[in-house]
Amino acid sequence: MFLNLLNILINNTFFMGSYSNDIFPPPLSSDEEEFYITSEKYSINMEEKQITKVSPKTNIVEFIGNLDTTGNIKIFDLAGEEVSGDTLVGTGYKLQIDFKG
């Protein structure tokens, strides 16, 4: 039995190697690893890039006040204009977080 195994190993060539196509992004810096966004009031889905469970008539100040992040928050309306203050949050608005690095 052992001689058969030894004979197979000697008479056959085995290929071993690795393959990489850079499917993983570069590692984060230590500062970037500290970046986060959370909320006790809203549901945040990072994969779909959506924030849900925002009550109707929520204004920008209240909305931002219910988010916890290490970045600076800006909100943009459907036209791409930055909104703030008493403006009500609307469906399709975009949230931009600039990292405080």
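**Notebook: loops, sheet, pocket and salt bridges**

**Entry 1, Lys49.** I began with Lys49, which is exposed, its relative accessible area being 76%. I note at the outset that I am working with a predicted model, and every value below is computed from it. Lys49 belongs to the loop between β2 and β3, and I looked up its backbone as well: phi is near 55°, a positive value in a residue other than glycine. I keep in mind that most residues other than glycine have a negative phi.

**Entry 2, Lys53.** Where else did I find a positive phi in a residue that is not a glycine? Lys53 has one, of about 65°, and this residue sits in the loop between β3 and α3. With a relative accessibility of 62%, Lys53 counts as exposed, because the cut-off for that class is over 50%.

**Entry 3, overall layout.** I then stepped back to the whole chain, which holds 3 helices and 7 strands. Following the sequence, I read the pattern as α-α-β-β-β-α-β-β-β-β. Of the 101 residues in the protein, 16% are buried.

**Entry 4, the sheet.** What is the order of the strands in the open sheet of 3 strands? I find β6-β5-β7, with antiparallel pairing. The edges are taken by β6, residues 82-83, and by β7; each has a single partner strand, so one side of each is left without a neighbour in the sheet. As background, I recall that strands of a sheet pair through backbone hydrogen bonds, either parallel or antiparallel. For β5, which spans residues 71-76, I count 2 bridges to β6, and the two strands run antiparallel. One residue pair I wrote down is Ile75 with Val83, the latter being its bridge partner in β6.

**Entry 5, Val83.** Is Val83, placed in strand β6, buried or exposed? Its relative accessibility is 11%, and Val83 therefore counts as buried, since the limit for that class is under 20%. I also checked its separation from Asn59, 24 residues away along the chain: the two C-alpha atoms are 10.0 Å apart.

**Entry 6, the largest pocket.** I recorded about 690 Å³ of space in the largest pocket. Its lining comprises 24 residues, and those closest to the centre are Lys49, Gln50, Ile51, Tyr93 and Leu95. Lys49 thus comes back into these notes, as an exposed residue that I had already placed in the β2 to β3 loop. Which elements supply at least two residues each to the lining? I list β2 (43-45), β3 (50-52), α3 (60-65) and β7, and among the contributors β7 gives the most, with 4 residues.

**Entry 7, salt bridges.** How many salt bridges does the count come to? I find 2; side chains of opposite charge can pair when their charged atoms come close. In one, the side chains of Lys41 and Glu62 meet, with 3.5 Å from N to O. Lys41 lies in the loop between β1 (37-38) and β2, whereas Glu62 belongs to helix α3, so this pair ties together parts that are 21 residues apart in sequence. Both ends are partly exposed, Lys41 with a relative accessible area of 39% and Glu62 at 34%.

Lys74 and Asp98 also form a salt bridge, their closest N and O atoms being 3.9 Å apart. This pair links distant parts of the chain, 24 residues apart, with Lys74 in strand β5 and Asp98 in strand β7. I wrote down the accessibilities here too: Lys74 is partly exposed at 31%, and Asp98 at 28% also counts as partly exposed. The strands that carry this pair, β5 and β7, stand next to each other in the sheet order β6-β5-β7.

**Entry 8, a surface patch.** Which residues form a nonpolar patch on the surface? They are Phe35, Met46 and Phe99, which together have about 280 Å² of accessible area. I followed up on Phe99, found in strand β7, whose residues run 94-99. Phe99 is partly exposed, with a relative accessible area of 34%, and it can enter a patch on that criterion because the cut-off is over 30%.

**Entry 9, tying up β7.** Reading back, I see that β7 recurs in my notes: this strand is at an edge of the sheet, gives the most to the lining of the largest pocket, carries Asp98 of the salt bridge with Lys74 and holds Phe99 of the nonpolar patch.

Note on methods: Residues are numbered from 1 along each chain as its sequence is written. This is a predicted model: local features need pLDDT of at least 70, side-chain atom pairs count only at pLDDT 80 or more; totals for chains, interfaces and linings use all residues. Side-chain values use heavy atoms; hydrogens and water are left out. Patches are made of residues with over 30% relative accessible area and no salt bridge: like charges are joined within 9 Å, nonpolar side chains (Val, Leu, Ile, Met, Phe, Trp, Tyr) within 5 Å. Accessible areas come from the Shrake-Rupley method with a 1.4 Å probe; for residues, only the protein chains shown count as cover. A salt bridge is a side-chain nitrogen of Lys or Arg within 4 Å of a carboxyl oxygen of Asp or Glu. Buried means under 20% relative accessible area, exposed over 50%, partly exposed in between (1.4 Å probe, protein chains only). Two strands pair if DSSP finds at least two bridges between them. On a 1 Å grid over the protein atoms alone, a cavity is a set of points where a 1.4 Å probe fits but cannot get out, and a pocket is an open set with protein on both sides within 12 Å along at least five of seven lines; lining residues have an atom within 4 Å of a point. Grid points are joined across faces, edges and corners, and a volume is the space filled by probe spheres set on the points.
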